[in-house]
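Student: Please take a close look at one part of this model, the nonpolar core, and place that part in the rest of the chain.

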Amino acid sequence: MNRVVRIALLLLLGLAAILIWQKPASAPTPAKVRLAVPTQPSSGDTLSNRTDELWRVVTRRVVSKAAIYELTRQLKSMGLDAITIQHQEEVTMHAFDDAQLYKTHKEAWFASKIWRDHGIEISIIEAQKDTFLIGLGRFHQENYALGMQKRLNRVDKKFRYQQRTVPIPTWRFTFPPMQKADAEKLWQKLNNSGVMMPVQIPEMQFQKLYGDGT
C-alpha cells in the first residue's frame with residue numbers, strides 16, 4: 001500500500017514538473033488596426049470650405065421693373081453680366097397726403113386741382129366709408145422722398161407726411177463669388193458709375209442673406 005502511494009506521488013510530481021517547464025502559449029495575434037484616411041475633397045467641397053475667403057459685390061436694391069431694366073442696360077454697356085436677386089425686404093415707405101380729408105371722391109378730385117396745377121401726380125384714396133384722401137406720393141428711397149417734399153413745399157397748401165415699414169419685393173444685382181482683390185476692382189468699377197451704389201460682403205454673409213442668390 002505504501003509502495004502504491006509512493007508511486008502515485010512520484011507520478012504527480014513528474015506531471016507537475018512538465019507543466020511548470022512547458023513553453024508558455026503565444027498571446028493572440030492582435031487584429032490589424034485600420035486608420036480612416038480622409039478622401040480627397042471634391043472641387044465643390046473645396047469651395048464650400050473656403051467661402052470665408054471669397055467675396056461678393058452687390059448693387060443697391062431697386063423696387064420697380066423700370067429701375068431693373070435701366071440698371072441691367074447699364075451693366076451690359078459696361079460688359080458685365082449680372083445675377084438678379086429677388087428678395088422680400090422690410091423697407092421704409094415715405095407717404096405724402098393732402099392734410100384734409102374729404103367726404104366724396106368728387107370733392108377730393110376738385111380739391112386736388114391745386115396739386116395737379118403744380119405737376120404733382122395725385123391719387124384719390126378711399127380710406128374708409130365716406131372718407132377720401134388725396135395721395136401725393138409713396139416713395140421707398142429717401143432721396144426721392146426729399147425731392148418730393150421740396151416740390152410740395154412750393155405749393156400753398158398743407159400736406160401730411162408719414163413713415164411706414166412695409167414688406168415689398170426688391171431686386172439687387174450680384175456677381176459670382178471672387179477673391180478679395182478682384183471684388184475690390186469690380187466694386188470700384190461699379191462705384192464709378194455713380195448709380196450702382198455697390199457694397200462688398202463676404203460670401204458667407206451673402207449666403208446667410210440671400211442663399212444661392214436666385
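Tutor: What follows starts with confidence, goes on to the core, and then turns to other sites in the chain.

The model is predicted. The mean pLDDT of the chain is 78, and 74% of the residues reach at least 70. Confidence is highest in helix H4, at 96, and lowest in helix H2 (residues 43-49), where the mean is 41. Over residues 12-49 the pLDDT stays under 50, and the model has two contacts beyond four places in sequence for that stretch. Where pLDDT is low, the predicted coordinates should not be read in detail.

The chain holds eight helices and six strands. Their order from the N terminus is α-α-β-α-β-α-α-β-β-α-β-α-β-α. Of the 214 residues, 29% are buried. Among contacts with a separation of 6 or more, 80% join residues 24 or more positions apart.

Now the core itself. The largest nonpolar core comprises 16 residues, and those with the most contacts inside it are Phe96, Trp115, Ile120, Ile122, Ile134, Leu136 and Leu152. Two or more residues of this core come from each of helix H4 (105-111), strand E4 (131-139) and helix H6 (142-153). E4 gives the largest share of this core, four residues. In soluble globular proteins, nonpolar side chains tend to be buried together.

Leu136 shows the surroundings of one core residue. Setting aside residues up to four places away in sequence, Leu136 touches Phe96, Asp97, Asp98, Trp115, Ile120, Glu121, Ile122, Met148, Leu152 and Phe159. Apart from the largest core lies another core, of 15 residues, including Val57, Phe175, Met178 and Leu190.

Just before E4 in the chain comes a backbone detail. Asp130 sits in the loop between strand E3 (123-128) and E4. The phi of Asp130 is near 60°, a positive value in a residue other than glycine. Met197, in the loop between H7 and strand E6 (199-202), also has a positive phi, near 50°. Most residues other than glycine have a negative phi. Met197 counts as exposed because its relative accessible area is 55%, with the cut-off for exposed at over 50%.

Leu71 belongs to helix H3 (residues 65-77). Its relative accessibility is 2%, so Leu71 counts as buried. Leaving out neighbours within four places in sequence, Leu71 is in contact with Arg60, Val62, Phe173, Val195 and Met196. Leu71 and Phe173 are 102 residues apart along the chain, yet their C-alpha atoms are separated by 8.7 Å.

A second long-range pair involves Asp182, which is placed in helix H7 (residues 180-191). The C-alpha atoms of Asp182 and Trp55 are separated by 8.7 Å, with their positions 127 residues apart along the chain. Asp182 counts as partly exposed because its relative accessibility is 39%.

Last comes the largest pocket, which holds about 180 Å³ of space. Its lining consists of Arg60, Val62, Val63, Ser64, Ala67, Arg138, Phe139, His140, Gln141 and Tyr144. By class, five of these lining residues are nonpolar, three are polar and two are charged. Arg60 and Val62 belong to this lining, and they are also contacts of Leu71.

Terms used: Residues numbered from 1 in each chain as written. Heavy atoms only, no water. 1 Å grid on protein atoms, 1.4 Å probe; cavity = no way out; pocket = protein on both sides within 12 Å on 5 of 7 lines; lining within 4 Å. Points joined across faces, edges and corners; volume = space filled by probe spheres on them. Nonpolar A, V, L, I, M, F, W, Y, C, P; charged D, E, K, R; others polar. Core = buried A, V, L, I, M, F, W, Y, C linked by side-chain atoms within 4.5 Å. Buried < 20%, exposed > 50% of the residue type's maximum accessible area, 1.4 Å probe, protein only. Contact = heavy atoms within 4.5 Å. pLDDT = per-residue confidence, 0-100.
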